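Visitor: I would like to learn how to read a protein model, feature by feature. Could you take me through one, beginning with how its strands are joined?

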Amino acid sequence: MQGNFFDFVGGSVGKWKVTGIETLTGDALEPVTHLSVISSDLIQLEHNGLWRIKAFTSNVRYAEKTDRVKLAAVQAELGRPNSTCAAFIPIRKTEAWWALAQDERRRIFGAQSHHTEIGLNYLPAIARKLYHCRDIGQPFDFVTWFEYAPADEPLFDKLLDSLRTTEEWKYVDREVDIRLTLIPN
Ligand code: HEM
């Protein structure tokens, strides 16, 4: 399988300190104080955390060429020195979503919800990375990860308010929003 695997481990150790956990939809995750993001592979290793979500990077599904060009022009990389805040938001979509044809899902994501168009307004302040995990039997379908400067947290909250009122989000049946700050070395 192509792509890089990562384990998101919630527990009492890790580079990221948890500053807030909000369950928007569906079952909560057990509260933890720290999160580590570990480069891994498909094999499940032992771990000390309370929970672990395995996910991988993949090719794009919906973004069209024009979107990709716009994204490439403004998007920022993860790991910027002043981006000491992060949001880790695992998401699951309903069986009704997955039963749709690819073109129906693309229409909801694009023409009906304007996901990329909305998101583009928040770049480069917000850096983003999308991971997939439905295909490997995880309790979520996606792991989404965002990094930004502390002063941009209200901006990030505004972005979430916009996305969560879209048609696309009617298909979200589990979403947990975990906010983090980077522990200095
Ligand atoms: C920061 C601005 C954002 C931009 C520019 C953006 C852009 C995108 C793009 C282009 C895709 C499609 C990838 C593909 O074609 O496969 C995507 C997918 C996705 N994004 Fe965003 N996004 C942003 C923010 C967010 C936020 C805040 C969330 C969640 C809270 C989110 C959740 C997702 C999910 C779950 C998918 C996968 C959807 C699916 O395949 O069904 N995004 N995003």
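Guide: Let us begin with one pair of strands: β5 and β8 are paired in the antiparallel sense, and 7 bridges join them. As an example of a single bridge, Lys-93 has Val-172 in β8 as its partner. Please keep in mind throughout that this is a predicted model.

Visitor: Which strand is joined to β2, and over how many bridges?

Guide: Strand β2, residues 16–25, runs antiparallel to strand β8, residues 172–182, and 8 bridges join the two. Within this pairing, Trp-16 is found opposite Leu-182 of β8.

Visitor: And with which strands does β1 pair?

Guide: Strand β1, residues 5–11, pairs in the antiparallel sense with strand β3, residues 34–40, over 7 bridges, and Val-9 has Ser-36 in β3 as its bridge partner. β1 also pairs in the antiparallel sense with strand β4, residues 51–56, this time over 6 bridges, and there Phe-5 stands opposite Phe-56.

Visitor: How many helices and strands does the protein have, and in what order do they come?

Guide: There are 5 helices and 8 strands, and reading from the N terminus their order is β-β-β-β-α-β-α-α-α-β-β-α-β. The radius of gyration is 16 Å, close to the 16 Å that the globule rule gives for 185 residues, so the protein is as compact as a globular protein of that length. Along the principal axes, the C-alpha trace spans about 40 × 35 × 30 Å.

Visitor: What share of the contacts comes from residues that are 24 or more positions apart?

Guide: Among contacts with a separation of 6 or more, residues 24 or more positions apart account for 79%.

Visitor: How should I look at the interior, and which residues of the largest nonpolar core touch the most other members?

Guide: A useful start is the share of buried residues, which is 22% of the 185 residues here. The largest nonpolar core has 25 residues, and those touching the most other members are Phe-8, Leu-35, Ala-86, Phe-88, Val-143 and Leu-180. Two or more residues of this core come from each of β1, β3, β5, β7 and β8, with β5 giving the largest share, 5 residues. To follow one member, take Leu-35, whose contacts, leaving aside neighbours within four places in sequence, include Phe-8, Trp-16, Phe-88, Ile-178 and Leu-180.

Visitor: Which residues are closest to the ligand, and which elements supply the shell around the ligand?

Guide: The ligand is surrounded by 21 residues, of which Val-60, Arg-61, Tyr-62, Ala-63 and Gly-119 are the closest. At least two residues of the shell come from each of β5, α4, β6, β7 and α5, and α4 provides the largest share, 4 residues. Sorted by class, the shell has 14 nonpolar, 4 polar and 3 charged residues.

Visitor: What about the backbone: which peptide bond is cis, and where is Pro-124 placed?

Guide: The cis bond to look at is the one from Leu-123 to Pro-124, with omega near 0 degrees, and Pro-124 is in the loop between α4 and β6. A second backbone feature is found at His-114, which has a positive phi of about 55 degrees although this residue is not a glycine. His-114 lies in the loop between α3 and α4.

Visitor: Is His-114 buried or partly exposed, and why?

Guide: His-114 is partly exposed, because 16 other C-beta atoms lie within 10 Å, whereas a buried residue would need 20 or more.

Conventions
Residues are numbered from 1 along each chain as its sequence is written. This is a predicted model: local features need pLDDT of at least 70, side-chain atom pairs count only at pLDDT 80 or more; totals for chains, interfaces and linings use all residues. A residue is near a molecule or strand if its C-beta atom, placed from the backbone, lies within 6 Å of it. Ala, Val, Leu, Ile, Met, Phe, Trp, Tyr, Cys and Pro count as nonpolar, Asp, Glu, Lys and Arg as charged, and the others, Gly among them, as polar. Two strands pair if DSSP finds at least two bridges between them. The radius of gyration is taken over C-alpha atoms; the globule rule is 2.2 Å times the number of residues to the power 0.38. A residue is buried if 20 or more other C-beta atoms lie within 10 Å of its own, exposed if 12 or fewer, and partly exposed in between; C-beta atoms are placed from the backbone. Two residues are in contact if their C-beta atoms, placed from the backbone, lie within 7 Å. A nonpolar core is a set of buried Ala, Val, Leu, Ile, Met, Phe, Trp, Tyr and Cys residues joined through C-beta atoms within 7 Å.
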